[in-house]
Amino acid sequence: MLAIKSKYLLILSIVLIAGCIEDYTPQLNETVEKLVVDGSIIKGEQTQRVVISRSTSVYNAQFIPESGCYVWVLNSNGNQFLFNETEPGVYTADIPQNELAFNTEYTLYITTPDGNEYESETETILESPEVSDIYYERTSNSDWGEGSSDGLQFYVDLYANNYKATSYRWVVEETWEHRAFYEAPYMLDAKNDSIIEMSTVDSLTICYSTQLSNNIYTASTENLSKNEKKKAEINYDKIENRKFNYNYSILIKQYSLNENAYNFWNQNQKQNINTGGLYQSQPSHSVSNINNISNKKEIVLGFFWASSFTEKRFILENKYFYSLQFCKADTVDRNKLGIYSKNLYLTVLGAYEDGKSILGIPESQTCIDCRLNGGTIIKPDFFK
Amino acid sequence: MRIILLALAILIIATKGYSQQPVKTFSGSYTQTPFVDFVTDVESKTDYRFFFKNDIVDSIYVNISGSNMKLDSVLFKTLIKNRLYYYIANNSVIIYDGYKIVEQIDGNNISVAKKETKIESENQTTQDRYEQSKVKAENELIVVGSKLESVIGMPYIVSGRVIDEETGEPVIGATLYVEELKIGAATDYDGYFNLTLKTGKYSVELKSMSMGSKNFFLQVYSSGKIDLQMKKELIAINEVQIFADRHDNVRGMQMGFERMSSKTIKEIPVVMGEKDLLKVAQMLPGVQSAGEGSSGIIVRGGTADQNLFYINKIPIYNTSHLFGFFTAFSSDIVNDFSLYKSNIPAEYGGRISSIFDISTRQGNKKNFYAKGGISPVTAHVSAEGPIVKDKCTYVASYRGTYSDWLLSKVSNEDLKRSTAAFYDVSASVNTMINDKNSLKVFGYNSNDNFSLAAKNDYRYSNMGGSASLKHFFSPKLNGDFAIVHSEYNFSQNDKNNVSEAYSHNYVLSHSEAKADMNYMLPSNHKLSFGGSSILYNLNRGDILPYNEESTRIPVALGKEKGIETAVYASDEFSVIGALSMMGGLRISHYIFFSQKPVNQYFSNSEYSEENVNGSLGKISKSYFSIEPRVALNYMLFENTSLKASYNRMAQNIFVLSNTIAMSPTDQWKLADYYIKPPVSNQLSFGVYQNYKGLEASAEVYGKKTKNIVEYKDGIDFISENPVEMLLLQGEQKAYGLEFIIKRKTGKLTGWLSYTYSRSSVLVDSEIEGNSINFGKPYSSNYDIPHSLNLVSNLRVNRRVSFSTNVVYSTGRPATYPTSAYYFEGMQFIAYSERNEYRLPDYFRVDFSINMEGNLNRKKFIHSSWMLNVYNVTGRKNAYSVYFESEDGNIQGKKLSVFGTPIVTLSWNFKLGNYVSD
């Protein structure tokens, strides 16, 4: 709560009084690698995953898998499910849906190769109601204090009356269309020093990227008289990032949370938006529900949570266009095709008097092949 | 140099005196002889020379006869029945009426002066001689008491008042130093002082910060009251300087004590052109800022809420304006402030780190006077003058901001939708009712109002009033009786989310009655005693839905009531020779009345919801605190002393905060059934030395505080949970060394201070969940080992002066992440043990130029300009460091609040033909 308020106080002070933020890389002590557990039981998913790894130093963040663990989950019906290591550090199990019932409790057990035994606290699958309204407002959200920033702030409403869970997490997956600056009707075949006409003109111009938001969005109705929350903030993006130029959609997965799972996600949400403000709370120890059975003092990072989810897609009807970045293109001398060593897409810049096209080669292939900016050219079915 | 000459003169005179073997007895017969004739006769027969005003002896006739009569007994018989007193110094006889002070007689030079004048003009009358010696005098002689009552060797009490000759205002913190006895006294807030002296003649030096010094001789016969006037030596701009209480430093009992006048405050460079006494205090050894631009202070490693701020006895619970960039007191009305951090006098209690006592101007008794000024952020004005000339004065001040205008100029949309405003006003009336009574009434209000991006509204205000009566029961006994009321309240609206939007109102009221008595006992015992009783009424407020759309569950945070009653006594006396002592004891009783049922918990378990085992009902809880206050001063040499002190303090009210800086929504909370009042024990030793206009001191201290309040991770102070579930209590240990060297006179003045200070906290318990940092000690938030401050002021001429600050300190402790890990493809970070790291070192240089206008004293308006550059080097000092995931890497970020040089120009004016501070 305070963290969010402090953001504004901070901004005010910064702009008023010439504050600034710059990179700073203090020396940090090397710490012992701690066990990290990233595990969940999600009703509705076919495959359940428990990822076990080791923490690393801050400046050299990497995934260090913990292989060879013995991993199993026990539910309150007394059934055990053994997980198999399918990739290094990644343990999976296909649990039948009938064993993933609402209000059933799950406990995770891990034995590491060095013989240490860990168990999680018990987590319950709670039912998630349908995702309610998703909408947005055009706003200038100056969270980062960088002047005016015209953008879209998306919101979701939560209506969970008659549902047991009072805490939720939303996972936001964005899909947006983006286009290359130039169309690519021709391709220069460097091997044969020839120019090939492409079959479909549009094929490399329009792409669709899909990305999971790296931000964490949680809500709790703990302090509210109804199990509902209006206008919970989810993702925000600036219009200048051009995600809203053409088709845009978000898919929201709404996960129910137990109280301590909410604490875990909420803590990390706060740390993500920590801007070191004036009235910032002190950082606190990481919330975790995994313990070493024989040594409670060992710090284990991560969490094991159980949940169910519902999902809903929102398609943005309005377009908010922000001009594409201009790309320069050089004309191609058809007599000197030999100077090019690899295949390049070419665009048409105009026509010679003889009616032949003036072919251009853009300064970068990212200006003509949208795939180089990420995504695929296959149009998702949810876009008309 | 002058002192040496004077000493030489005294020596010469004394030698002469002995060699002359003066005739002191006489014979004669007088019947109804007019006194003047008697005098002429005696002068012809002896070496005695008389000084008196003719009119007082008009009706006196001498009837006596005999041989070898002693003048003393003749005068005694003749004068006393006529209510006249006399004084014989060597060969000089001074006759005066009542207790009246005989002014401007050069005591030691009388015989010499007399001789010369006699030769020059045989026919001079005694009256002429009296007048003449008055003019010639260098040092005045002040006679106290009546010889009639005098018993040799008996200690008498000399009390009195020091006032400004020009304005009639009391001179605060002036010191009287009795050279022969190496003892002294300082005047209090009303200019009063007390000295215990045996009969005899003493040379006394009277000194004051703003008034300079003067020397006089004091002849004590018996107890009595004297009024001393001091004249400002200076004209408008020749404000010579922090003539601080030089004697206080070495000779006084106080350690870890600083007193600064408004003058010092004004000359120090400031940010945004606002003069600010708390920013000045932050330059003193052992005092730290609670963050760049913050008005909170940290004393000897404590927290910001461990300092008690008084302005004319009104406690102020929030000292900041505009997020703390400004202090809630207008410097226009401030006369001076005192900061106690080692041995805190027994009359003070209630906070464990320091007492910060601000006294305001009492108003000019003769003329109307006004001053004011504008800076980029505020405008301020104050006025003062007599209501009844010489009897009753007023002072009023106002300061307000126009920062809204600044905000509207900013391009950021959120900021355009923000507003910020503050003001503070004060008024006081000071009345000298009569010789024995004076009354001071003071009122104060500060108000802050801001809204941010139309999402959060904050408002907070301090309001207070005090009335205090000073009464003299006798020269030996005086008392100060005060009633005080202070109220702090804040309200906020949080509209970030429609469903969660809430409003919160908080009120703290503090009502206090207190009496402080001073009693002079024989043999130099200065006894102070008194008591106070405080009624705290808190309403931590209700969290209420902001509007109909909000479904926020109303939460009553609860009302609280507590009564804190304290009695104290302390005695300051000379133990033996050069050793003096101040011993005091404060006993305080605090009772908390709970206004709602108190939970009972299972024994030996954490205070948590799961461990609630019924209710204790509305139970009250008492705490006693016995607080010894002892200080010793051993005068090693004339200008060197060693001091030691031991101090215990208890604190019954503290702030609920888990943020680094104090925020406008921090709630004060009373110690209650479960939360015990923190208690600190402090031991200090120091060496004090004055040398050639320099003043130096070094002090070491060790402090241990139990029941220090710390917070559990991730808690929320507006939740339904009782506070005992949110916090833990532990032990804090602090120790350090403070060194300061000051130069208070001359063209270049200022100080250099160095502080070494450590502070750590331990919260450990057998009970699971009741430890912080795994039960290991950790650095407190303000464990700042090294800190160096240089404050200097160079007066180029009467119109121009330059000031510079240099500030260096070790970065404050911080908690950094020590490991990174992946969770669902995201990078998460885990933090180190609490406060294991430090922010980068802090360094800042400020500079200012003061320029005064024309120095013509008769000018109607005097104006001055101040050009300020804060953070000249533009160093980007870290306010905080945080980490974020950026392109797959975790990157540290450093936030600086004042990362560039900040240049401001402010203009100030003084109105009226009056030389003020």
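**Contacts, Burial and Sheets in a Two-Chain Model**

Reader: What does A:Ser308 touch, not counting residues up to four places away in sequence?

Author: A:Ser308 touches A:Lys43, A:Phe102, A:Ile125, A:Leu126, A:Glu127, A:Ser128, A:Gln254, A:Tyr255 and A:Ser256. To touch is to be in contact, which means heavy atoms within 4.5 Å. This is a predicted model in which local features need pLDDT of at least 70 and side-chain atom pairs count only at pLDDT 80 or more, while totals for chains, interfaces and linings use all residues. Residues are numbered from 1 along each chain as its sequence is written, chains are lettered from A and ligands numbered from 1 in the order in which they are written, and side-chain values use heavy atoms, with hydrogens and water left out.

Reader: Why is A:Ser308 called buried?

Author: Its relative accessibility is 5%. Buried means under 20% relative accessible area, exposed means over 50%, and partly exposed lies in between, with a 1.4 Å probe and protein chains only. A:Ser308 therefore counts as buried.

Reader: What makes the approach of A:Ser308 to the backbone oxygen of A:Leu126 a polar contact?

Author: The side chain of A:Ser308 reaches that oxygen at 2.7 Å. A polar contact is a pair of N or O atoms within 3.5 Å; within protein, one must be able to donate a hydrogen and the other to accept it, and residues adjacent in sequence count only if both atoms are side-chain atoms. The distance of 2.7 Å is within 3.5 Å, so the pair meets the distance limit. A further position in the chain concerns A:Gln254, whose C-alpha atom is separated from that of A:Ser308 by 8.2 Å, although the two are 54 residues apart along the chain.

Reader: What makes residues 301-316 of chain A, where A:Ser308 has its place, a strand?

Author: Strands are DSSP runs of E with at least two residues, helices are runs of H or I with at least four, and both are numbered from the N terminus. Residues 301-316 form strand S21 of chain A. Chain A has two helices and 24 strands, and chain B has 11 helices and 57 strands.

Reader: How do you know which side chains of strand S9 of chain A are buried?

Author: In S9(A), residues 117-120, A:Tyr118 and A:Ser120 point to one face and are buried. A:Glu117 and A:Glu119 point to the other face and are not buried. By definition, the first two are therefore under 20% relative accessible area, and the other two are not.

Reader: Why are S8 and S9 of chain A said to pair?

Author: Two strands pair if DSSP finds at least two bridges between them. Three bridges join S8(A), residues 105-111, to S9(A), and these strands run antiparallel; the condition is therefore met. A:Ile110 stands opposite A:Tyr118. The hairpin of S8(A) and S9(A) has five residues between the strands, and A:Gly115 takes a positive phi near 90° there. S9(A) is also joined by three bridges to strand S20 (residues 290-292) of chain A, again antiparallel, with A:Glu119 opposite A:Asn291.

Reader: What makes S14 and S18 of chain B edge strands?

Author: They belong to an open sheet of five strands in the order S14-S21-S22-S17-S18 (chain B), with mixed pairing. S14 (257-261) and S18 (314-316) each pair on one side only. Neighbouring strands of this sheet are turned by 20° against each other on average, direction ignored; axes are lines fitted to C-alpha atoms, for helices over the stretch in contact, and angles run from 0 to 180 degrees between N-to-C directions. S14(B) pairs with strand S21 (residues 334-340) of chain B in the antiparallel sense over five bridges, and B:Phe257 has B:Tyr340 as its bridge partner.

Reader: What makes a group of residues a nonpolar core?

Author: A nonpolar core is a set of buried Ala, Val, Leu, Ile, Met, Phe, Trp, Tyr and Cys residues joined through side-chain atoms within 4.5 Å. The largest has 68 residues, of which B:Phe337, B:Phe356 and B:Trp751 touch the most other members. Apart from it lies another core, of 26 residues, among them A:Tyr217, A:Ile239, A:Tyr248 and A:Ile250.

Reader: How much of each chain counts as buried?

Author: Of the 917 residues of chain B, 60% count as buried; in chain A, buried residues make up 53% of 384.
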